[in-house]
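Dear colleague,

I am handing over the structure below, and I would be glad if you could look through it alongside these notes.

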Amino acid sequence: MEKTLRQVCTELKVSRRAVQGYEKAGLVAASGKNKYGYLLYGEPERERIRLVRFYQQLGFRLKEIKELLDADGPVRKATLQAKAAELEKEDIHLRELIRQAKEYIAAL
């Protein structure tokens, strides 16, 4: 079932401006328009928006996401594995900072 931009934004908890930015960056395109001229998005387009949001949450920029979406499976897998490793290192670093902050707080 196709949905309007407003419905998509509500369903996916994403702003209209974000979806328009994805369209401008060539990451997603509406599947058509209804009789009133409203842009419509089918399930494949909504899934693509979900994927773009996920990649953004991982820390990829829109240009990187475009390359990632256009890449074949093995390249995507390797890129995501590298990002996961990077996030794990960052997590370790943040946990150490939190531990040090708690020690400092306790010493006050």
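What follows is a short account of the sheet, the core and one lysine.

This is a predicted model, in which local features need pLDDT of at least 70 and side-chain atom pairs count only at pLDDT 80 or more, while totals for chains, interfaces and linings use all residues. Residues are numbered from 1 along each chain as its sequence is written, and side-chain values use heavy atoms, with hydrogens and water left out.

Three strands (strands being DSSP E runs of at least two residues, helices H or I runs of at least four, both numbered from the N terminus) form an open antiparallel sheet in the order 1-3-2. Its edges are strand 1 (3-4) and strand 2 (32-33), each of which pairs on one side only, pairing requiring at least two DSSP bridges between two strands. Strand 2 is joined to strand 3 (residues 39-41) by two bridges, and glycine 32 lies opposite leucine 40.

The largest nonpolar core (buried Ala, Val, Leu, Ile, Met, Phe, Trp, Tyr and Cys residues joined through side-chain atoms within 4.5 Å) has 19 residues, of which Val14, Val19, Tyr22, Ile49, Tyr55 and Ile65 touch the most other members. Helices 1 (5-12), 2 (16-24), 3 (43-58) and 4 (62-70) each supply at least two residues of this core. Beyond four places in sequence, tyrosine 55 has contacts (heavy atoms within 4.5 Å) that include Phe60, Ile65 and Leu80.

Lysine 83, in helix 5 (residues 73-107), has a relative accessible area of 11% and is therefore buried (under 20%, with exposed over 50% and partly exposed in between, for a 1.4 Å probe and protein chains only). Leaving out residues up to four places away in sequence, lysine 83 touches Leu58, Gly59 and Phe60.

Best regards
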